[in-house]
Amino acid sequence: MRVVLKPLFDAELPPGFEEILKDKLMGRELRTGEEVEVELLGKPLRFKVLLAEPSPLKVGRGTKIELSRGDVEVLDFEFDEPVREVVPFDGGFVVVLGRKVLILNHTGQKIYSDEFEELNGVRVSKGTVVIIHGGNKIRLVKP
């Protein structure tokens with residue numbers, strides 16, 4: 001169980017501050033994406049919960065608290081059929097389903113989609129997606 005927090009204020013935090021935060025958050029329930037406030041020396045300090053694993057998570061002695069200065073963006077995708085393979089490339093990634101090939105950019109927007117009777121494989125070379133199908137055919141897609 002762990003929590004990654006991003007301070008919503010600009011100040012240098014001392015080493016070991018994670019343990020102080022754990023004590024202040026003990027027993028509280030945290031969810032990924034929410035903001036929490038902790039009072040320290042009479043001043044409210046705000047943090048964004050970048051990750052609560054699992055979410056929601058009740059902070060206890062075994063919870064690991066981490067601090068981050070960067071943002072974490074999480075995109076979840078769900079498909080109607082099992083994912084056979086994911087092939088990354090410079091322009092995004094190729095998702096291979098049963099008979100379907102999807103090419104998505106890095107933000108998850110669909111660039112290309114097609115279905116093949118006999119899909120044998122997918123490869124990527126210098127930004128070109130090569131789809132092997134029909135036993136003796138290939139299709140080149142340059143997104």
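In this predicted model, V38 has L45 in β4 as its bridge partner, and that pair belongs to an antiparallel arrangement in which strand β3, residues 35–40, is joined to strand β4, residues 43–53, by 6 bridges. Between the two strands of this hairpin there are 2 residues, and L41 takes a positive phi near 55 degrees there. Strands of a sheet pair through backbone hydrogen bonds, and they may do so in the parallel or the antiparallel sense.

The same two strands also lead into the interior, since β3 and β4, together with β1 (2–7) and α1 (17–25), are the elements that give two or more residues to the largest nonpolar core. That core has 16 residues, and those touching the most other members are V3, L5, L21, L25, L30, F47 and V49. The greatest contribution comes from β4, which supplies 4 residues. L21 offers a view of the surroundings from a single side chain: leaving aside residues up to four places away in sequence, L21 touches L5, V38, F47, I65 and L67, and V38 is the residue already met as the bridge partner of L45. There is also a second, separate core, made of 13 residues, which includes V96, I103, L119 and V122.

A loop residue deserves attention next. T63 lies in the loop between β5 (57–58) and β6 (64–67), and T63 counts as buried because its relative accessibility is 0%, where the cut-off for buried is under 20%. A polar atom of the T63 side chain lies 2.9 Å from the backbone nitrogen of G60. Beyond residues up to four places away in sequence, T63 touches M1, R2, V3, K22, L57 and K58; among these, V3 is also one of the residues that touch the most other members of the largest core.

Further along the chain, the reader can follow an open sheet of 4 strands in the order β7-β8-β9-β10, with antiparallel pairing. Because β7 (85–89) and β10 (110–115) stand at the edges with a single partner strand each, one side of each of them is left without a neighbour in the sheet. From one strand to the next, the twist averages 15 degrees. Within this sheet, strand β8, residues 92–96, and strand β9, residues 100–105, pair in the antiparallel sense over 5 bridges, and V94 has I103 in β9 as its bridge partner. I103 thereby connects two parts of this description, as I103 is also included in the second, separate core.

How values were computed. Residues numbered from 1 in each chain as written. Predicted model: local features only at pLDDT ≥ 70, side-chain atom pairs only at ≥ 80, totals over all residues. Heavy atoms only, no water. Pairing = 2+ DSSP bridges. Buried < 20%, exposed > 50% of the residue type's maximum accessible area, 1.4 Å probe, protein only. Polar contact = N/O pair within 3.5 Å; in protein donor to acceptor, adjacent residues only side chain to side chain. Contact = heavy atoms within 4.5 Å. Core = buried A, V, L, I, M, F, W, Y, C linked by side-chain atoms within 4.5 Å. Axes fitted to C-alpha atoms, helices over the stretch in contact; angles between N-to-C directions.
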